[in-house]
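Please read the points below with the sequence and the model side by side, and look up each residue as it is named. They are arranged so that each point builds on the one before.

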Amino acid sequence: MSAVHSVAVSSSAVSRCPKNHHSLPASMSLPTTARPIFRSAFSGVSLHLPPPKVIPRRNSYVSKVTVMMAKPAIQFIQGTDEQTVPDVRLTKSRDGTNGVAIFTFDQPSVFDSSSELGDITGFYMIDEEGVLQSVDVSAKFINGKPARIEAKYVMRSLRDWDRFMRFMERYSQANGLQFVKK
């Protein structure tokens with residue numbers, strides 16, 4: 001069993017300790033007259049080390065925003081840009097909180113490359129801000145051959161609408177589109 005010892009330290013014994021005792025090397029011990037006397041299994045000298053200094057490094061990681069100036073693109077198969085420029089119809093609710101964009105592609109190039117690259121997986125609008133996507137894509141066939149693709153993108157908030165309009169502005173500038181209000 002372990003025994004509990006009470007420790008009594010007189011103020012005169014503590015006052016005789018050197019004030020800079022925390023800076024003594026580990027191999028050096030304090031004079032016996034300066035150490036308080038108490039019964040303990042510990043026979044060494046307690047060291048009080050200052051907290052480590054944090055030195056800023058020049059090559060430390062700093063969060064940086066990287067803006068990639070990519071040409072805005074529309075894709076049906078991820079990684080393959082659609083070359084056909086669509087006809088786009090926009091509708092917006094009266095209160096402006098939501099809207100729908102309907103893209104119509106006549107004879108899209110995805111039909112030519114889908115046999116090598118795979119099936120249409122969705123509708124992706126990609127620009128430097130990121131990706132807007134939808135799975136509401138339908139193909140129209142004439143005489144058993146694919147002729148047209150319609151894709152619908154739904155905007156459920158004013159924030160979604162603003163983000164879509166920023167994409168469309170970039171896409172229209174890159175592809176020579178213009179807005180015609182009906």
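Notes on a helix, a sheet and a core

1. Please keep in mind throughout that this is a predicted model. A convenient starting place is α3, which runs over residues 158-175 and so comprises 18 residues by the helix assignment used here. From its first C-alpha to its last, α3 reaches 25 Å, close to the 26 Å expected at 1.5 Å a residue. Directly after α3 comes Gly176, whose phi is positive, near 70°.

2. Which residues of α3 are buried? They are Trp161, Arg163, Phe164, Phe167, Met168, Tyr171 and Ser172. Because these residues cover an arc of only 165° around the axis, they lie on the same side of α3. On the face turned away from that buried side, α3 carries the exposed residues Arg159 and Gln173.

3. It is then natural to ask what the buried residues of α3 pack against. Their partners are β1 (73-77), β3 (87-92), β4 (99-106), β5 (123-127), β6 (130-134) and β8 (145-155).

4. Some of these strands belong to an open sheet, in which 4 strands follow the order β2-β1-β5-β6 with antiparallel pairing. The edge strands are β2 (80-81) and β6, each of which pairs on one side only. Within the sheet, β1 and β5 pair in the antiparallel sense over 3 bridges, and the bridge partner of Gln75 in β5 is Tyr124. Packed on this sheet is α3, which touches β1, β5 and β6 and whose direction makes about 75° with that of β5. As background for a newcomer, strands of a sheet pair through backbone hydrogen bonds, either parallel or antiparallel.

5. The largest nonpolar core has 20 residues, and those that touch the most other members are Ile74, Phe103, Phe123, Met125 and Phe164. At least two residues of this core come from each of β1, β4, α2 (110-117), β5, β8 and α3, while the largest share, 5 residues, is supplied by α3. For a closer look at one member, Met125 touches Ala73, Ile74, Phe103, Gly130, Val131, Leu132, Tyr153, Phe164 and Phe167, when residues up to four places away in sequence are not counted.

6. Further strand pairings involve β8, and they deserve to be traced one at a time. With β4, β8 pairs in the antiparallel sense over 8 bridges, and here the partner of Ile102 is Lys152. With β7 (residues 137-142), β8 pairs in the antiparallel sense over 6 bridges; in β8, Pro146 is the bridge partner of Phe141, and Arg148 is the residue that stands opposite Lys140. The hairpin of β7 and β8 has 2 residues between the strands, and in this hairpin Asn143 takes a positive phi near 55°.

7. A last question concerns Thr104, which is found in strand β4: is Thr104 buried or exposed? Thr104 counts as buried because its relative accessibility is 11%, and the cut-off for that label is under 20%. Leaving aside residues up to four places away in sequence, Thr104 touches Pro86, Asp87, Arg89, Arg148, Ile149 and Glu150. Readers may wish to find Arg148 again here, since this contact of Thr104 is also the residue opposite Lys140.

Definitions and conventions. Residues numbered from 1 in each chain as written. Predicted model: local features only at pLDDT ≥ 70, side-chain atom pairs only at ≥ 80, totals over all residues. Heavy atoms only, no water. Expected span 1.5 Å × (residues − 1). Buried < 20%, exposed > 50% of the residue type's maximum accessible area, 1.4 Å probe, protein only. Arc of directions from axis to C-beta. Contact = heavy atoms within 4.5 Å. Core = buried A, V, L, I, M, F, W, Y, C linked by side-chain atoms within 4.5 Å. Pairing = 2+ DSSP bridges. Axes fitted to C-alpha atoms, helices over the stretch in contact; angles between N-to-C directions.
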